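Here are some exercises to work through with the model open beside you. Try each task before reading its solution.

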There are 2 protein chains.
Amino acid sequence: MNLKELALKLGLSPTTVSRALNGYPEVNEATRERVMAAAKRHNYRPNTRAISLATGRAMAIGHVIPITSKHEIVNPVFADFIAGAGETYSRNGYDMILSIVPDDDEDRIYHDLRARGTVDGIIVHGPRMNDPRLPLLTEIGFPFVVHGRATGTSTPYSWLDVNNRRSFQRATEFLLDLGHRRIALINGLEFMDFAIRRRTGYLDALSTRGIAPDPVLMSSEEMTELRGYRAARAMLELYHPPTAFLVSSMISALGVRRAVEENNLRLGTDISIIIHDDELSYLKNGDDVPIYTATRSSVRDAGRQTAEMLLDIIAHPETAPQQRLLEAELIIGQSTGPVPAGQTPHRT
Amino acid sequence: MNLKELALKLGLSPTTVSRALNGYPEVNEATRERVMAAAKRHNYRPNTRAISLATGRAMAIGHVIPITSKHEIVNPVFADFIAGAGETYSRNGYDMILSIVPDDDEDRIYHDLRARGTVDGIIVHGPRMNDPRLPLLTEIGFPFVVHGRATGTSTPYSWLDVNNRRSFQRATEFLLDLGHRRIALINGLEFMDFAIRRRTGYLDALSTRGIAPDPVLMSSEEMTELRGYRAARAMLELYHPPTAFLVSSMISALGVRRAVEENNLRLGTDISIIIHDDELSYLKNGDDVPIYTATRSSVRDAGRQTAEMLLDIIAHPETAPQQRLLEAELIIGQSTGPVPAGQTPHRT
DNA sequence: AATCAAGTCCAAACCGCTTTGGACAAGGCA
DNA sequence: TGCCTTGTCCAAAGCGGTTTGGACTTGATT
């Protein structure tokens, strides 16, 4: 059932039917209702591709997920982010199209998406330091919003980010206030922008208290359970092991915890852990009482908001780039406590 | 740069240019090369929507992810499955479009996708017992492949599934061989098809050995860390606690492990755990030596294969529905051992 | 009564591609 | 030489919508 057929059935021209359905004023209310009713009765749905072709709007948003050829990790926060964004899209009649792309031909993809008119805008995932995608997209003239930011990029662009620096600074300060001096940072890969900012926050907090950072207490790895485990295990074997861990993700923290338990240390008393909690739907940080003390910010909500920003930008292309900085909460759980008095756990 | 412009530049008709680019025979090889070169030089990419409209093929596949309104969990295996499928699509020039849908209006979505011509086929995620989507899609006449199966559906359809029954049967037998008699099943929600099959496998193994299943040792919950933890904790508090856990997912197992450790039980000696390992990229089951004994089957690979099946079905619509049953490996890790001799851990 | 504006509808062009049905020239065959 | 293929190209008609530029009524205005 297409427009022409419907028009024929109604004894109207396609023009009028189209206008009736799209709420244009130059159509009699009575006929409009007649058209509406007929459309519903015959289950008429306009062909998206035809609309796109005629209007030039694709009514679709692209999410480009880079996969590094070396370590093929699919970021697990991605699923929840997408879920959030998806809600926004379906509320607004947009489709979401996903491209899983080996990061060596990302450029091609963006040009492709643009030239082939598949999407109206793009959400950029996993920005890195000096990310080449942002100038590229600006140059192409593609509306886009970055989930995160890219240190080093000078041209203005739209982004939504969590205040990673600040939240890790606060978390570090919290540990310092509890008396911890040897605080380890189990970070993500530090060419990722969020990881850079978290490290900065951590270092800032330390330097404010006049504590020199110890390189052996800082690890930068993929945020997997295994990497978290290995990093923590190595650090716990040090002559001066850390008394607290600051961990960039819930997943890494699982590994850290494993290492901690292998060393028969009790969480929250012998050793403290603060994690960043993206509020993943399948990895809740406890129930009413949080397990981990955490810097918390819902990535799903970020997805919702990022998508809204992008749709807004598409609707109003002339306005200046938008930015939104979300503050993470610092929530207190059972995984932190004062540093064991006098007996900083040394290996003998 | 569109076809008409390109044709103009070349002094050819759009027809010829189109044919040259699409490899039709009725065009001189010399001109074809000329066209190809010009296309590359001007970065010409045909407009997807126009192609779609003209050919009737959308060159896109839909993934419909149902979100239950009650428990808004995004299945974490989903990210890896998508990554696998995405590879197949990009290799074949297909786009992937994702719909996050509250499960109460899934019907509408399928009709929509069909009528609006957004996609050529669909991959169905998370099939349930008597899943209404399958007859619906068959009726609509939409090519689709199910990731999983749906017990109770009589009409034939295409699917790709892991042999869940068998792998859990084998896992249970493995535990029985180690002397375990009180084996707990921490399952997913048992309206999900895979969970039903896993339970069946578990029960089959028990009954073959003449062991009556104990309802208190069977839990059916969302596969989150928290649910796993709670279920395991409750079971460990029983007068006759289990000596082994069979856990439906790596994520739940994290919770089970937490409960185990809270009870000061050592994994692989005091208590055994077998998990199902989807080989999630961010949750590897150890490195060379697996941490958990596990039934293993890569969900990413499943994504790749499912996508291939669907593309094949779209290319050859007349052929009968295809099915593919993958066998999970049973890999031995450090989380299983013989039941502690004589001293089955009772609570006193 | 003539003019004008508003209301309601339609024909046709267009979006960018594919594809059908020739047109035309050159070469092969009788 | 005339006819038939074959090779090479093109004009034009779609695909299913939107949108521009009228056409025709009707009622109000002068």
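**Exercise 1. The two chains face to face**

How many residues of chain B are in contact with how many residues of chain A? Work out which elements take part on the chain B side, and what kinds of residue sit there.

*Solution.* Keep in mind that this is a predicted model.

Step 1: count the contacts. On chain B there are 47 residues that touch chain A, and they meet 47 residues of chain A.

Step 2: sort them by element. Two or more residues each come from α4 (48–55), α5 (77–92), β2 (95–102), α6 (106–115), α10 (225–236) and α11 (250–262) of chain B. Of the residues on this side, α5(B) provides the largest share, with eight.

Step 3: sort them by class. You should get 23 nonpolar, twelve polar and twelve charged residues on the side of chain B that touches chain A.

Step 4: look at the strands that meet here. Strand β2 (residues 95–102) of chain A runs antiparallel to β2(B), and three bridges join them. One pair to find is Met96(A), whose bridge partner in β2(B) is Leu98(B).

**Exercise 2. The symmetry**

Lay chain B on chain A: what turn and what shift along the axis do you need? Then find the residue of chain B that comes closest to the rotation axis.

*Solution.* Start from the general case: a rotation about an axis, plus a shift along it, relates two copies of a chain.

Step 1: superpose. A turn of 180° with a shift of 0.0 Å along the axis puts chain B on chain A, at an RMSD of 0.0 Å. The relation is therefore that of a two-fold axis.

Step 2: check the contact surface. Both copies use the same surface, as 100% of the contact residues of chain B recur in chain A.

Step 3: look along the axis. Among the residues of chain B, Ile97(B) comes closest, with its C-alpha at 2.1 Å from the rotation axis.

**Exercise 3. The two DNA strands**

Which residues are closest to DNA strand D, and which come nearest to DNA strand C? For each strand, find the element that gives the most to the surface near it.

*Solution.* Take strand D, then repeat for strand C.

Step 1: DNA strand D is surrounded by 26 residues, the closest being Leu3(A), Ser18(A), Ala50(A), Ala54(A) and Asn28(B). At least two residues each come from α1 (3–10), α2 (14–21) and α4 (48–55) of chain A, along with α2 (14–21) and α4 of chain B. The most come from α4(A), with five residues. By class, this surface divides into twelve nonpolar, eleven polar and three charged residues.

Step 2: DNA strand C also has 26 residues around it, and Asn28(A), Asn2(B), Leu3(B), Ser18(B) and Ala54(B) come nearest. The elements giving two or more residues are α2 and α4 of chain A, plus α1 (3–10), α2 and α4 of chain B. Here α4(B) gives the most, with five residues. The classes come out as twelve nonpolar, eleven polar and three charged.

**Exercise 4. A sheet in chain A**

What is the strand order of the open six-stranded sheet in chain A? Then place the helices that lie across it.

*Solution.* Go strand by strand, then add the helices.

Step 1: the order is β7-β6-β8-β9-β10-β12 in chain A, and the pairing is mixed. At the edges are β7 (218–220) and β12 (329–331) of chain A, each pairing on one side only. On average, neighbouring strands are turned by 15° against each other, direction ignored.

Step 2: zoom in on one pair. Strands β6 (residues 183–187) and β8 (residues 244–247) of chain A run parallel and are joined by four bridges. Leu185(A) has Leu246(A) as its bridge partner in β8(A).

Step 3: add the helices. Helix α9 (residues 193–208) of chain A lies across β6, β7 and β8 of chain A, at about 170° to β6(A). Helix α11 (residues 250–262) of chain A lies across β6, β8 and β9 (272–277) of chain A, at about 160° to β9(A).

**Exercise 5. One helix residue in chain B**

Is Phe174(B) buried or exposed, and what does it contact beyond its sequence neighbours?

*Solution.* Step 1: find Phe174(B) in helix α8 (residues 164–177) of chain B.

Step 2: count neighbours. Phe174(B) counts as buried because it has 20 C-beta neighbours inside 10 Å.

Step 3: leave aside residues within four places in sequence, and Phe174(B) is in contact with Ile274(B) and Leu330(B).

Conventions. Residues are numbered from 1 along each chain as its sequence is written. Chains are lettered from A and ligands numbered from 1 in the order in which they are written. This is a predicted model: local features need pLDDT of at least 70, side-chain atom pairs count only at pLDDT 80 or more; totals for chains, interfaces and linings use all residues. A residue is buried if 20 or more other C-beta atoms lie within 10 Å of its own, exposed if 12 or fewer, and partly exposed in between; C-beta atoms are placed from the backbone. Two residues are in contact if their C-beta atoms, placed from the backbone, lie within 7 Å. Ala, Val, Leu, Ile, Met, Phe, Trp, Tyr, Cys and Pro count as nonpolar, Asp, Glu, Lys and Arg as charged, and the others, Gly among them, as polar. Two strands pair if DSSP finds at least two bridges between them. A residue is near a molecule or strand if its C-beta atom, placed from the backbone, lies within 6 Å of it. Copies are superposed by least squares on the C-alpha atoms of residues with pLDDT of at least 70 in both. Axes are lines fitted to C-alpha atoms, for helices over the stretch in contact, and angles run from 0 to 180 degrees between N-to-C directions.
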